[in-house]
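Biologist: Please take a close look at the empty space enclosed inside this protein, and at the parts of the chain around it. I would like the linings residue by residue, with the elements they come from.

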Amino acid sequence: VALLGTVAAFIVTLGLVTGYLKKDSPTLVVAFQGVTQERLAGLAADDRTIVQKALEGDRLDESNRKVLEAKGLLRVYEDLAELKLAMAARPAQDLKYTEFATWIPSFRINYIMAVDGLSLPLVFLAALLGVLCIIYSWNIEKMTKGYMALFLLLETGIIGVFCALDFFLFYVFWEIVLLPMYFLIGVWGGPRRIYAAIKFFIYTLVGSVLMLLALLAMYFQTDPHTFNVLALMKVAPTYSAAFQWWIFVALFIAFAIKVPVFPFHTWLPDAHVEAPTAVSVVLAGVLLKMGGYGLFRFSYTLAPAAAVSDTVVTAMIVLGLTNMVYGALCAMAQKDFKSLVAYSSISHMGYVLLGLAAMTNAGVQGAALQMFTHGISSAMLFLLVGVIYERAHHRDLARFGGIGLQMPYYTGIAMIGFFASLGLPGLSGFWGEAFVFLGAWNSHFIPRWAIYVSITTVVLTAAYLLWTIQRVYLGEIKDEHYKSFPDVNLREVLALAPLGILAIVVGVFPSVILDYLNGAMNTLVQVVNEGAKVAGIGGF
């Protein structure tokens with residue numbers, strides 16, 4: 001049943017992916033225009049004229065407000081004014097497959113779902129990993145029904161995060177993700193699973209509280225009060241510089257914890273090491289991307305003046321470089337195979353921060369592409385660790401050796417995953433890093449020394465990954481017990497092969513993802529640029 005559910009979600013996602021680039025696909029603007037016309041059609045002719053006249057102005061003057069209040073039309077006007085603001089926001093032109101329904105009208109909380117070129121690849125990745133993880137989890141024997149139910153709930157929350165355009169709805173999905181992940185680690189994890197689950201829960205909950213404070217602050221700061229993300233984007237540049245600063249800091253910490261950004265990263269190695277293999281795959285493949293997605297969708301667009309201020313840009317550069325170099329050095333020092341892959345994720349996500357700090361078209365496209373390609377390679381690596389752990393029942397790198405002689409097919413698949421993570425040209429990991437470096441080089445925000453430091457990460461990544469290949473797969477078999485290891489079985493091939501194929505396809509034809517990212521990322525740069533100009537900060 002769980003497999004059928006994830007396959008159905010993946011099939012629907014394939015339909016979205018194939019139809020998104022068609023020019024006749026209706027955008028969010030068209031959907032909101034339909035909602036507006038429907039609401040107006042439900043009014044009497046005189047009332048409709050009053051509301052339409054009020055909507056023609058940029059602001060509601062006092063005389064019109066009194067007329068609307070006397071007629072009982074103020075709430076209708078405010079609802080339609082919110083939609084008008086949302087349609088005027090630049091990202092509205094890129095968003096498609098809109099779903100709109102009134103949810104909690106007294107607080108103007110609506111069910112608004114849509115995807116654009118930023119969110120759709122991540123939805124696709126979440127749906128694909130959902131199928132692969134259920135296949136890989138076929139041998140779960142402990143409370144199987146509970147495990148599968150929680151996994152489906154986890155996938156629901158993740159896809160909801162990438163689609164929600166009402167900030168309150170986004171927060172609900174964000175919290176939905178927290179609970180199943182907590183139980184999946186705490187119940188089905190390793191010996192220190194309770195410690196890892198509680199640590200993950202506390203870190204994420206702190207970020208959630210900051211996010212809640214930020215969204216409530218924006219709700220009450222905006223007139224009329226709204227949680228509509230697009231409407232908030234439109235009015236965000238008019239917020240005071242101090243208000244934008246605090247909003248950016250609160251949202252950045254909330255999302256940085258999930259990325260994770262140094263020094264909020266310490267929950268990740270524990271969670272990965274203790275989590276079951278399939279849970280680690282989802283955690284690295286898409287859960288970390290929720291933090292990066294939040295930075296793109298919310299932090300930069302809702303506080304554009306703060307995002308390009310000297311202080312924030314410097315902090316983003318420093319934190320990005322720290323993640324990249326520190327994560328790579330920590331990975332090199334690990335003796336546990338799974339822990340090494342966990343720290344490699346911290347290093348690779350540093351590219352996202354550097355690309356965002358550059359705030360050039362190439363930089364932000366590279367950052368977004370890095371999230372997708374890292375989702376492929378990290379998922380493969382955790383599955384590869386899981387395959388060898390099921391046979392050896394340990395992850396000690398020093399005790400491995402010669403696995404390639406005993407498990408040649410497994411080793412062949414492993415090479416694709418390792419070299420994709422390394423950033424070898426022709427595989428998926430190369431393009432995100434290349435675009436980030438290119439965007440950083442062409443950005444007047446990024447000093448040359450920062451680029452030189454960041455390039456050392458490429459060398460460090462090659463060092464720890466090649467060293468791992470040497471220790472695990474090459475040389476002579478260290479333990480006679482390893483000679484009895486069977487090669488990959490059908491279940492493992494079905495879980496690994498699609499990711500390997502995707503790593504090669506994206507590596508050879510990066511346009512299959514860049515065609516989606518291009519419009520959304522160019523829009524992001526324009527939104528931040530225009531918002532910064534409103535605040536009196538020069539464009540870039």
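Modeller: What follows goes through the cavities, then a helix pair, an open pocket and some backbone details.

The model is predicted, and the values below are computed from it. A search of the whole structure gives four cavities of 30 Å³ or more.

The largest cavity has a volume of about 110 Å³. Its lining consists of Pro 91, Asp 94, Asp 116, Leu 118, Met 233, Phe 296, Arg 297, Thr 301, Ala 520, Met 521, Thr 523 and Leu 524. Two elements, α13 and α23 (511-534), give two or more residues to this lining. The most comes from α23, with four residues. By class, the lining of the largest cavity holds seven nonpolar, two polar and three charged residues. The charged ones are Asp 94, Asp 116 and Arg 297.

The second largest cavity holds about 60 Å³ of space. Around it are Ala 126, Leu 129, Gly 130, Phe 151, Leu 154, Glu 155, Ile 158, Val 282 and Val 286. Here α6 (119-136), α7 and α13 are the elements that give two or more residues. Helix α7 has the largest share of this lining, four residues. Seven residues of the lining are nonpolar, one is polar and one is charged. Glu 155 is the charged residue, and Gly 130 counts as the polar one. Helix α13 thus appears among the contributors to the largest cavity and among those to the second largest cavity.

Helix α7 also packs against the start of the chain. The axes of α1 (residues 2-20) and α7 (residues 144-163) come within 10 Å and cross at roughly 15 degrees. An angle under 35 degrees counts as roughly parallel, and α1 and α7 are therefore roughly parallel to each other. Their crossing is left-handed. On the α1 side the contact is made by Ala 2, Thr 6 and Ala 9, and on the α7 side by Met 148, Leu 152 and Glu 155. These residues divide into four nonpolar, one polar and one charged. Glu 155 takes part in this contact and is also one of the residues that line the second largest cavity.

Helix α13 leads on to a space that is open. The second largest pocket has a volume of about 480 Å³. It is lined by 23 residues, and those closest to its centre are Trp 188, Ala 275, Pro 276, Thr 277 and Tyr 389. At least two residues of the lining come from each of α12 (267-274), α13 (277-302) and α17 (361-392). Helix α17 gives the most, with four residues. The lining of this pocket is made up of 11 nonpolar, six polar and six charged residues.

The loop before α12 has two cis peptide bonds to proline. One runs from Val 259 to Pro 260, with omega near -5 degrees, and another runs from Phe 262 to Pro 263, with omega near 5 degrees. Pro 260 lies in the loop between α11 (241-258) and α12, and Pro 263 is found in that loop too.

A further backbone detail is at Arg 108, which has a positive phi of about 55 degrees although it is not a glycine. Arg 108 sits in the loop between β1 (96-104) and β2 (109-115).

Definitions and conventions:
Residues numbered from 1 in each chain as written. Predicted model: local features only at pLDDT ≥ 70, side-chain atom pairs only at ≥ 80, totals over all residues. Heavy atoms only, no water. Axes fitted to C-alpha atoms, helices over the stretch in contact; angles between N-to-C directions. Parallel < 35°, antiparallel > 145°, perpendicular 65-115°, else oblique. Left-handed = near helix turned anticlockwise from the far one by under 90°. Contact = heavy atoms within 4.5 Å. 1 Å grid on protein atoms, 1.4 Å probe; cavity = no way out; pocket = protein on both sides within 12 Å on 5 of 7 lines; lining within 4 Å. Points joined across faces, edges and corners; volume = space filled by probe spheres on them.
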